[in-house]
Every structure is written in structure tokens, then in C-alpha cells.
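Visitor: I am new to this structure and should like to learn how its features are read. May we look at it together?

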Amino acid sequence: METESYDIVIVGAGPYACFSALFLSQQNFKIAIIHPENTEPLDTFIHSLQICWPSLNDPPTRANVAHGNDVAKYLQEFCANGANIFFQNILNILDEKQNWQQLPCYRIGMQDFEYQELEEASKLGFNLSSTDDPKVFKELFNSLQCLNAEKFKKTMLDYLQGNKVKFIKSRVKDISEKNDGCSIILENKMKLNAEVIILANALKISEILNKYKEILVPMSDCLLEYSFYFKNIIFSNPISFRAANGHFAGTIFQRDQNIFMKFTGPRFLLPSAGAGIYLDESKITPENWEKIINYHSKVILPFLKTHFEFPFLNNIDELNMYLIKKNILVDCYPCDELPLLGEFGKLGKILGNTGWLATGFSAGVWAAYITHELIMNEKSYFLHSRLHPRRFFTRFIKS
């Protein structure tokens, strides 16, 4: 069996994995990133909305009720910190600022209880401000949208490889943690020794560490992208927006004379509402897709026409929209709905992060920074104790 030694091995190659490698490679660590043969690094970003959100996907009032005001505000600021350090730090390191645009970010309430919930969240200090429209609230921080995702991916990978980060294509077969270090056995019959392992592969964490099987719950969603052509129309106000309940998100922007719309959800039109099952496209019938597309055209577009000034929506029924592509997205959340970040093992040598649902990009940046601090200092001032994975295995919880 071929054996290689590293300071840090990262399992997974999504945004959190790559951001962790970026921060740690600046310390001259020898780093390897592992991902399956049928995937590419940053695949999850390429197949997403490609937006860095400044806040949680779910309504902040939900976290406020479930976990208390302190934890709810901490989770909200987590994403804002990620978006800020991404824009101010990482995009400067990668020289990528020209490839990202800042968009105003709105939360919309489509039913009475939803905009009442947003009004309450605003009063509680969750970075929301009211507008002249009672059904539309504005985030205090902008979102960031990638203009060319393939370019960003190439820049990131070139940077990591230039800092001697090695990418290895294989699946993890076994993982062990001992006082003198960790080891990983891969399906390609390689063995990797490392001082620290970072688990950055979301749902797959439960396949590596069996005790998390009952803790990490799959959550499926869908992404659809549309385009339509408008001659001689300058669309100068691109936006990003999310429904108060977190079941729907989108962005509208222009490139050349084409208007593009990207919508995720609504999750409640997926089989079993997308919760607790690992969907793929084969499990969604043409009737499911048709219901989702009809919801976009019959519910979302009329709402946007009524509450935002988009001249191209004046004749909604005459819009000649083209469905460019549709994807199924899968993420997870822990069964108590709080993300996991920190020590997944027993000896402090297996770290990881998961459970942020649709805010995985911005949360992944800040989580990567905290992971970097945990490795360098064995602690981080920015990590709230409630996010610790070990909380599920304490005597108090078991009892």
C-alpha cells in the first residue's frame, strides 16, 4: 500500500474545503484535498446560485425561538462575517474582485405571517430594515454574485496548486485518530498520514463517522435557470432575494441584452418537501418539474412585478422564457437544526463543518477561518460552544 504523509488532509473539495486549504496553505503546511473520482473541486459552487449570502437562509425568528436570541444573532453574524472576509480578504488574495458584483439583498414575505415574521426579526435586530413596501425587507449587507463561476473556480484551484496543495481523486474507505496523528485509507489503496484531518464533505461525514448517521439529515432542493432576450433594455438594478420561510431564493441580473433569472425552490413542491431524503433528478417526475415551473411563472414573477420595478415583467404572459438548466441540490442539517463546527473526533485531530443549508458559501468562509484558528491555536474566540459537534454525545443530551 502506497503511503504519503501530510500536515493536513481535507476530505471534500467544496467551498469550505478550498477556503480552509487557502488559509492554511499560507502557513506553509503540506496539504492534500481528497474528492471522489466522479467529482471536480468546487462542483457544488458551480451548480449553485453562485451567491455569497450575508445572512441565514431560514428566518432568524426561527432560530430565535429554538435557540435563544444570543445564538440566533451569532448565526446571523456568522454569514455576514463570511461575506465580509470573502470580499475584503479572499478576493484580494485571488485578485478576483472584478469577477464579483455586490447586489442588494431582500427578504420577501409572500403571506401575512411571513412579512409579520420579518417585521419581528427587524425589531429584534437581525440586520433587516423595512422598506416602503410592507412585504419587502432589505438586508443591511449586500450579497455577492459571481459573474463567471468557471473563472473563479480556475483561479482558486490555480492558487491552491501554486501553494503546493495536492488534489487526490478517491473515496475515503476508513479513518482513524490516535494521539500521534491520523490516518486515512482510500479506495485507491493509498494510505495518508496526517497531523489533522478536516471533514468538509457535508452529508458524507456520516458515512465516515457512523455515529453521525442519525444526526445529519439530508435536505434536497432544486435550482432552475431561465433566460430571455430584450433588445435595447438596460437593466441596471440586479437583485438577490429570499422568501421569509427559506423555501425559495433567487437572483435577477443582465448580461449583454439577456436577462437571467436563477431560482432555488420552492422546496415544498419536491417529494416529501425535500426534507429527510436524498433526492436526485430520477426521483422527480415531469409533473413535479411542471409544478415548480408554474410556481415560478404564476406566483414568483407576478410578485416581483408588483413589488419591484422590472420593466421587462410588464407583460408577464408574453415573456418568452427559456429554461437553460435545472439541477437538484442536496445539503444537510443536524437534527437539532444547529450547524456543526469543531471537533468531530475525540482527540482534537478530526475537525469539520456542516449543516448551513443554503448559506454554505458565506458560512464556509468563516468556518474555514475558525478551523484555521483551531489548528493554529487549539481554540477560536469566534466559535460558539453551541456549535460543537460533541454536544450530541454529552451525558446531558444522552439522558
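Guide: Certainly. Let us begin with a single residue, K164, which counts as exposed at 70% relative accessibility. Please keep in mind throughout that this is a predicted model.

Visitor: Why does K164 count as exposed?

Guide: The term exposed applies over 50% relative accessible area. K164 has a relative accessibility of 70%, so it counts as exposed. The residue lies in the loop between α6 (149-162) and β9 (166-169).

Visitor: What is to be noted about the phi of K164?

Guide: Its phi is positive, at about 65 degrees, although K164 is not a glycine. N127 is another non-glycine residue with a positive phi, near 60 degrees. N127 is found in the loop between α5 and β6.

Visitor: Is N127 buried or exposed?

Guide: Buried means under 20% relative accessible area. N127 has a relative accessible area of 11%, and therefore it is buried.

Visitor: Let us turn to the sheet. How are the strands of a sheet held to one another in general?

Guide: They pair through backbone hydrogen bonds, and the pairing is either parallel or antiparallel. In this structure, 8 strands form an open sheet with mixed pairing, in the order β6-β7-β5-β14-β15-β16-β13-β17. At its edges are β6 (128-130) and β17 (322-334), each of which pairs on one side only. On average, neighbouring strands are turned by 25 degrees against each other, direction ignored.

Visitor: In which sense does β5 pair with β14, and in which sense with β7?

Guide: β5 and β14 run parallel and are joined by 4 bridges. Within this pair, C105 stands opposite S240 of β14. With β7, by contrast, β5 pairs in the antiparallel sense over 3 bridges. There, Y106 has K138 of β7 as its bridge partner.

Visitor: Which residues of β5 are buried on its two faces?

Guide: On one side they are C105 and R107, and on the other Y106 and I108; both faces of the strand are thus covered.

Visitor: How many bridges link β13 and β17?

Guide: Strand β13 (residues 216-229) pairs with β17 over 12 bridges, in the antiparallel sense. As an example, V217 has Y333 in β17 as its bridge partner.

Visitor: Which strands does helix α8 touch?

Guide: Helix α8 (residues 286-307) packs on the sheet and touches β5, β7, β13, β14 (239-243), β15 (249-255), β16 (258-264) and β17. Its direction makes about 65 degrees with that of β13. A further helix, α5 (residues 112-123), lies across β5 (105-108), β6 and β7 (136-139), and runs at about 115 degrees to β6.

Visitor: Which residues does H296 touch?

Guide: H296 is found in helix α8. Not counting residues up to four places away in sequence, it touches L224, Y226, F248, F263, G265, P266 and L301. Its relative accessible area is 1%, so H296 is buried.

Visitor: What form does the peptide bond from G265 to P266 take?

Guide: That bond is cis, with omega near 10 degrees. P266 has its place in the loop between β16 and α8.

Visitor: How should one read the packing of two helices, such as α1 and α9?

Guide: One considers the angle and the separation of their axes. α1 and helix α9 (residues 360-377) pack at an angle of about 40 degrees, and their axes are 8 Å apart. This angle makes α1 oblique to α9, and the crossing of the two is right-handed. Among the residues that make the contact are F19 and F23 of α1 and V365 and I375 of α9. The contact residues divide into 11 nonpolar, 4 polar and no charged.

Visitor: Where is A13 found, and with which residues is it in contact?

Guide: A13 is found in the loop between β1 (2-11) and α1 (15-25). Leaving aside neighbours within four places in sequence, A13 is in contact with C18, I33, I34, H35, P41 and L42. Because its relative accessible area is 10%, A13 is buried. A13 and I350 also show how sequence and space may be set side by side: they are 337 residues apart in sequence and 16 Å apart in space, C-alpha to C-alpha.

Terms used
Residues numbered from 1 in each chain as written. Predicted model: local features only at pLDDT ≥ 70, side-chain atom pairs only at ≥ 80, totals over all residues. Heavy atoms only, no water. Buried < 20%, exposed > 50% of the residue type's maximum accessible area, 1.4 Å probe, protein only. Contact = heavy atoms within 4.5 Å. Axes fitted to C-alpha atoms, helices over the stretch in contact; angles between N-to-C directions. Parallel < 35°, antiparallel > 145°, perpendicular 65-115°, else oblique. Left-handed = near helix turned anticlockwise from the far one by under 90°. Nonpolar A, V, L, I, M, F, W, Y, C, P; charged D, E, K, R; others polar. Pairing = 2+ DSSP bridges.
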